[in-house]
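The following paragraphs lead the reader through a protein model, beginning with its charged side chains and moving on to the packing of its helices. Please keep the structure in view while reading.

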Amino acid sequence: QRMKDKSKTLYAADHLINVNLLNKLSHSPYVEVRESVAANVHTSTETLETLLQDKDFQVREAAISNQNSPLSKIYEHLHDDHEDVRKAVERRLQSE
């Protein structure tokens with residue numbers, strides 16, 4: 001049952017367009033759900049700013065790649081502890 005709930009939540013995080021629901025899902029205990037919210041083009045700038053500070057590097061990486069994330073906050077991750085996050089910053093800055 002837990003796996004089924006996680007799958008439904010992950011699907012919602014990928015496909016939702018409701019900003020308020022995406023914000024709620026951004027607090028999920030599941031890293032995959034937070035990562036999907038961070039990658040969702042409908043996620044608000046405010047929620048992305050929070051996700052940019054996530055403890056899991058996959059979430060930070062997805063948030064950096066989201067075009068709704070403010071560049072001013074992305075620069076802060078040039079020296080992130082995780083190499084994948086630093087590479088995501090470089091890719092994002094090159095695409096601007």
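A salt bridge is counted where a side-chain nitrogen of Lys or Arg lies within 4 Å of a carboxyl oxygen of Asp or Glu. The model examined here is a predicted one. By this rule, six salt bridges are found in it.

A first example is the pair formed by lysine 87 and glutamate 83, whose side chains meet with N and O 3.2 Å apart. This distance satisfies the rule because the limit is 4 Å. Both residues belong to helix H7, which covers residues 83-95, and they stand four residues apart, about one turn of the helix. Lysine 87 is partly exposed, its relative accessible area being 39%. Glutamate 83 is likewise partly exposed, at 42% relative accessibility.

A second example links separate parts of the chain. Arginine 34 and aspartate 56 form a salt bridge through their side chains, with an N to O distance of 2.5 Å. Arginine 34 is part of helix H3 (residues 31-39), while aspartate 56 lies in the loop between helix H4 (45-51) and helix H5 (57-65), so this pair ties together parts that are 22 residues apart in sequence. Arginine 34 is buried, with a relative accessibility of 6%. Aspartate 56 also forms a salt bridge with lysine 55, where the closest N and O atoms are 3.3 Å apart. Lysine 55, in contrast to a buried residue, is exposed, with a relative accessible area of 70%. These residues are part of a network of salt bridges that links Arg34, Asp54, Lys55 and Asp56.

The helix that follows this loop, H5, merits attention next. Which of its residues are buried? In H5, the residues Val59, Arg60, Ala62, Ala63 and Ile64 are buried. The elements that cover them include H3, H4, helix H6 (71-74) and H7. Two of these packing arrangements can be followed in detail.

The axes of H3 and H5 are 7 Å apart, and the two helices pack at an angle of about 10°. They are therefore roughly parallel to each other, because angles under 35 degrees count as such. On the side of H3, the contact is made by Val31, Arg34, Glu35, Ala38 and Ala39; on the side of H5, it is made by Gln58, Val59, Ala62 and Ala63. By class, this contact of H3 with H5 comprises six nonpolar, one polar and two charged residues. Arginine 34 thus appears in the contact as well as in the salt bridge with aspartate 56.

How do H5 and H7 lie relative to each other? Their axes come within 9 Å and cross at roughly 0°, and H5 is therefore roughly parallel to H7. H5 contributes Phe57, Arg60, Glu61, Ile64 and Ser65 to the contact, and H7 contributes Asp84, Val85, Ala88, Val89, Arg91 and Arg92. The residues of this contact of H5 with H7 divide into five nonpolar, one polar and five charged.

The loops supply further detail. Serine 26, in the loop between H2 and H3, is buried at 7% relative accessibility. The side chain of serine 26 reaches the backbone oxygen of asparagine 23 at 2.5 Å. Leaving out residues up to four places away in sequence, serine 26 touches Arg34, Val37, Thr47 and Leu51. Arginine 34 is therefore met once more, because heavy atoms within 4.5 Å count as a contact.

Serine 44 is found in the loop between H3 and H4 and is also buried, at 15% relative accessibility. The side chain of serine 44 makes a polar contact of 3.0 Å with the side chain of threonine 47. Threonine 47 is also among the residues that serine 26 touches.

In the loop between H4 and H5 lies glutamine 53. Neighbours within four places in sequence aside, glutamine 53 is in contact with Arg60, Glu76 and His77. From glutamine 53 to histidine 77 there are 24 residues in sequence and 9.4 Å in space, C-alpha to C-alpha. Arg60, one of the contacts of glutamine 53, is also one of the buried residues of H5.

Lysine 24, finally, belongs to helix H2 (residues 19-25). Lysine 24 is exposed, with a relative accessible area of 62%. The C-alpha atoms of lysine 24 and asparagine 68 are separated by 18 Å, and the two residues are 44 residues apart along the chain.

Definitions and conventions
Residues are numbered from 1 along each chain as its sequence is written. This is a predicted model: local features need pLDDT of at least 70, side-chain atom pairs count only at pLDDT 80 or more; totals for chains, interfaces and linings use all residues. Side-chain values use heavy atoms; hydrogens and water are left out. Buried means under 20% relative accessible area, exposed over 50%, partly exposed in between (1.4 Å probe, protein chains only). Axes are lines fitted to C-alpha atoms, for helices over the stretch in contact, and angles run from 0 to 180 degrees between N-to-C directions. Angles under 35 degrees count as roughly parallel, over 145 as roughly antiparallel, 65 to 115 as roughly perpendicular and the rest as oblique. Ala, Val, Leu, Ile, Met, Phe, Trp, Tyr, Cys and Pro count as nonpolar, Asp, Glu, Lys and Arg as charged, and the others, Gly among them, as polar. A polar contact is a pair of N or O atoms within 3.5 Å; within protein, one must be able to donate a hydrogen and the other to accept it, and residues adjacent in sequence count only if both atoms are side-chain atoms.
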